[in-house]
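Student: I have a model open and would like to talk it through with you. Could you show it to me and start with the terms?

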Amino acid sequence: IIEDHARGIGASWMAGGMLAPVTEAWFGEEARLALDIAALQAWPAFARNISAIAERELAINTTGTLQIALDIDDARELERIRNFQNSVGLAAHALSRDELLDLEPLLSPNVVGGSLISTDLSVDNRSLVLTLKSACEMVGIHFVSKRVTEIQSKGNRVHQVVTANERLEV
């Protein structure tokens, strides 16, 4: 694998780590949502497998996702979204201001309500990148820290990758 960064710390290093198809569910995207949910359900086994290969623990956070409303308009929109989420069989639970602050005491005191999506997961993306890299190395994948400047292909197959100072045959 040729990567520009020595440790896989490009955009993945800054990602949020959200595994949150329910929170991301939107009107008219039911087909994508079904795929997202299937992927979410596969995550715990995936995490266990790469952890075993890498001999490094990858923890998944199972506390869910909070959606918060800071004013009455936000609260109405969250209710509309929550109704949609529940209409397609997802679990979105309404929370009062006090319930939100019990779960997250450092939230703004201006919150008026929100939702808890208990089925959403998250992962420490930095740990994920390092665990994936370790797992790859354990099964013999070699990483080259160089910037790709060009990709040569024949038909639909890549046959050569060009970096600043060499051409690598694939």
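Tutor: Gladly: helices (H or I, at least four residues) and strands (E, at least two) are DSSP runs, numbered from the N terminus. This is a predicted model, in which local features need pLDDT of at least 70, side-chain atom pairs count only at pLDDT 80 or more, and totals for chains, interfaces and linings use all residues. Residues are numbered from 1 along each chain as its sequence is written, and side-chain values use heavy atoms, with hydrogens and water left out.

Student: Which helix holds Arg 80?

Tutor: Look at the run covering residues 72–87, since Arg 80 is found there. Contact means heavy atoms within 4.5 Å. Leaving aside residues up to four places away in sequence, Arg 80 touches Trp 26 and Phe 27. The helix that holds Arg 80 is H4.

Student: Is Arg 80 buried, partly exposed or exposed?

Tutor: Buried means under 20% relative accessible area, exposed over 50%, and partly exposed in between (1.4 Å probe, protein chains only). The relative accessible area of Arg 80 is 41%, so Arg 80 is partly exposed.

Student: Asn 86 is also in H4; how far is its C-alpha from that of Val 22?

Tutor: Asn 86 counts as partly exposed because its relative accessibility is 37%. Beyond residues up to four places away, Asn 86 touches Ala 91 and Ala 92. Asn 86 and Val 22 are 64 residues apart in sequence, and their C-alpha atoms are separated by 9.7 Å.

Student: Which element supplies the largest share of the largest nonpolar core?

Tutor: A nonpolar core is a set of buried Ala, Val, Leu, Ile, Met, Phe, Trp, Tyr and Cys residues joined through side-chain atoms within 4.5 Å. The largest one has eleven residues, including Leu 19, Leu 40, Trp 43, Ile 50 and Leu 128. Helix H3 (30–54), strand E7 (121–123) and helix H6 (125–138) each supply at least two residues of this core. Its largest share, five residues, comes from H3.

Student: And how many residues does the other core have?

Tutor: That core lies apart from the largest one, and among its members are Val 22, Ala 25, Leu 33 and Ala 92. In soluble globular proteins, nonpolar side chains tend to be buried together. The number of residues in this other core is seven.

Student: Which strand does Ser 122 lie in?

Tutor: Start from its surroundings: not counting residues up to four places away, Ser 122 touches Gly 17, Met 18, Leu 19, Ile 60 and Asn 61. Leu 19 in turn touches Leu 40 and Trp 43, among others. Ser 122 is partly exposed because its relative accessible area is 23%. The strand in which Ser 122 lies is E7.

Student: Why does Ile 151 count as exposed?

Tutor: Ile 151 is found in strand E9 (residues 148–154), and it touches Val 158 and Gln 160, not counting residues up to four places away. Its C-alpha is separated by 45 Å from that of Ile 68, which is 83 residues away along the chain. Ile 151 counts as exposed because its relative accessibility is 55%.

Student: What phi does Glu 55 have?

Tutor: The place of Glu 55 is in the loop between H3 and strand E3 (60–61). At 66% relative accessibility, Glu 55 counts as exposed. Although Glu 55 is not a glycine, its phi is positive, at about 55°.

Student: What radius of gyration does the whole protein have?

Tutor: The protein has six helices and eleven strands, and its C-alpha atoms fill a box of roughly 60 × 35 × 30 Å along the principal axes. The radius of gyration is taken over C-alpha atoms, and the globule rule is 2.2 Å times the number of residues to the power 0.38. A compact globule of 170 residues would have a value near 15 Å, but the protein has 21 Å.

Student: Last one: what percentage of the residues count as buried?

Tutor: Consider the contacts too: among those with a separation of 6 or more, residues 24 or more positions apart account for 65%. Of the 170 residues of the protein, the share that counts as buried is 32%.
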